[in-house]
Amino acid sequence: MLGLSDLEDNGVAIIDDIHSRAEVINLAKSVGVIRPHPNGEDISTLKSSDGKNSLPGTLSNIYGLSAFPFHTDTAFWGVPARYVVMGMFRKSQCTTNYISFCDIAGVISSDFRSMAEKSIYLVETFEGCKYTSPIFCRNGVLGFRFDPNVMKPANGHAKKLHGELLAAMGAIEPKKIHWNGNKAVVFDNWKNLHSRSAVKNERRELFRIYLEG
Ligand SMILES: [Fe+2]
């Protein structure tokens, strides 16, 4: 069992004995400042679905109940959410999987950071499009964003980086979070990519909170 002290070291903290949305919100407030959902709520409820009624371009809309690719949450924000807090009270066979940029940098042939600094991506969402860098620094903390769903490489460096990132993700064995009931997870969204395995024969309900960068 991990605790909050592991967040700094591992980029992920797993907290057990979390039984309610209020407890997930309290946990989030102990880590950082909540950025409310556009609907004004601090916490979002994500229910697995075939995605037909999900917002166009979202992972649910594109992948439905299939596995999601590795990504950064809110990669399309100016600065992505610093931490993502997730809670699940029921048991689920569907795991959350993650890999760290440290591990990715370790298998990428050339200098990951300098390649990222020269890369330009086009971010496209249903709200519009803009150019962005996959790497950023805020308050002395280096962060990285990657979401192949909304980010397309826009220069040669980004094309090379993109190919190497996808290859690295295929080569690294991800760590897995098993949702075995009444559990919450705090994720460093600047240091890890995460994904979700396919949902099979269950109604999965995950609660999520974004914390400011
Ligand atoms: Fe996500």
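Begin by selecting R196 and F68: R196 lies over the face of F68, at 3.8 Å from the ring centre, where a charge counts as sitting over a ring if NZ of Lys or CZ of Arg is within 6 Å of the ring centre and within 35 degrees of the ring normal. This is a predicted model, in which local features need pLDDT of at least 70 and side-chain atom pairs count only at pLDDT 80 or more, while totals for chains, interfaces and linings use all residues. Residues are numbered from 1 along each chain as its sequence is written, and side-chain values use heavy atoms, with hydrogens and water left out. A second arrangement of this kind can be shown by selecting R35 and W77, where R35 lies over the ring face at 3.6 Å from its centre.

Next, select the iron ion together with H71, D73 and H194. Its protein donors are H71 (NE2), D73 (OD) and H194 (NE2), at 2.1 to 2.2 Å from the ion; donors are N, O and S atoms within 2.8 Å of the metal (3.2 Å for Na, K and Ca), and since water is not among the atoms, sites may look incomplete. Along the sequence, the spacing of these donor residues reads H-x1-D-x120-H. H71 is buried, with a relative accessible area of 4%, and D73 is buried as well, at 9%; buried means under 20% relative accessible area, exposed over 50%, and partly exposed in between (1.4 Å probe, protein chains only).

Move on to strand β8 (residues 135-138) and strand β9 (residues 141-144), which pair in the antiparallel sense over four bridges. Strands pair if DSSP finds at least two bridges between them, and the elements themselves are DSSP runs numbered from the N terminus, helices being H or I of at least four residues and strands E of at least two. F136 has G143 as its bridge partner in β9, and in the two-residue connection of this hairpin N139 takes a positive phi near 50 degrees.

Keep F136 selected and add W190. The two rings form an edge-to-face aromatic pair, 5.0 Å centre to centre with 90 degrees between the planes; rings of Phe, Tyr and Trp (its six-membered ring) pair if their centres lie within 6.5 Å, with planes under 30 degrees apart counted as stacked, over 60 as edge-to-face and the rest as tilted. Because F136 lies in strand β8 and W190 in the loop between β12 (183-188) and β13 (192-196), the pair ties together parts that are 54 residues apart in sequence. F136 counts as buried at 8% relative accessibility, and W190 counts as buried at 2%.

Now select F101, F112 and F144, which form one aromatic cluster. F112 and F144 are also among the residues with the most contacts inside the largest nonpolar core, which has 23 residues; such a core is a set of buried Ala, Val, Leu, Ile, Met, Phe, Trp, Tyr and Cys residues joined through side-chain atoms within 4.5 Å. At least two residues of this core come from each of α4 (101-107), α5 (112-117), β6 (121-125) and α6, and α6 gives the most, with five residues.

Stay on helix α6 (residues 156-171) and select G163, which lies in it. G163 is partly exposed, with a relative accessible area of 38%; add P153 to see a C-alpha to C-alpha distance of 9.7 Å across 10 residues of sequence.

Finish with the cysteines. A search of the whole structure finds zero disulfides, a disulfide being a pair of cysteine sulfur atoms within 2.5 Å. For C102, the nearest cysteine sulfur is that of C137, 15 Å away. C102 is exposed, with a relative accessible area of 64%, whereas C137 is partly exposed, at 44%.
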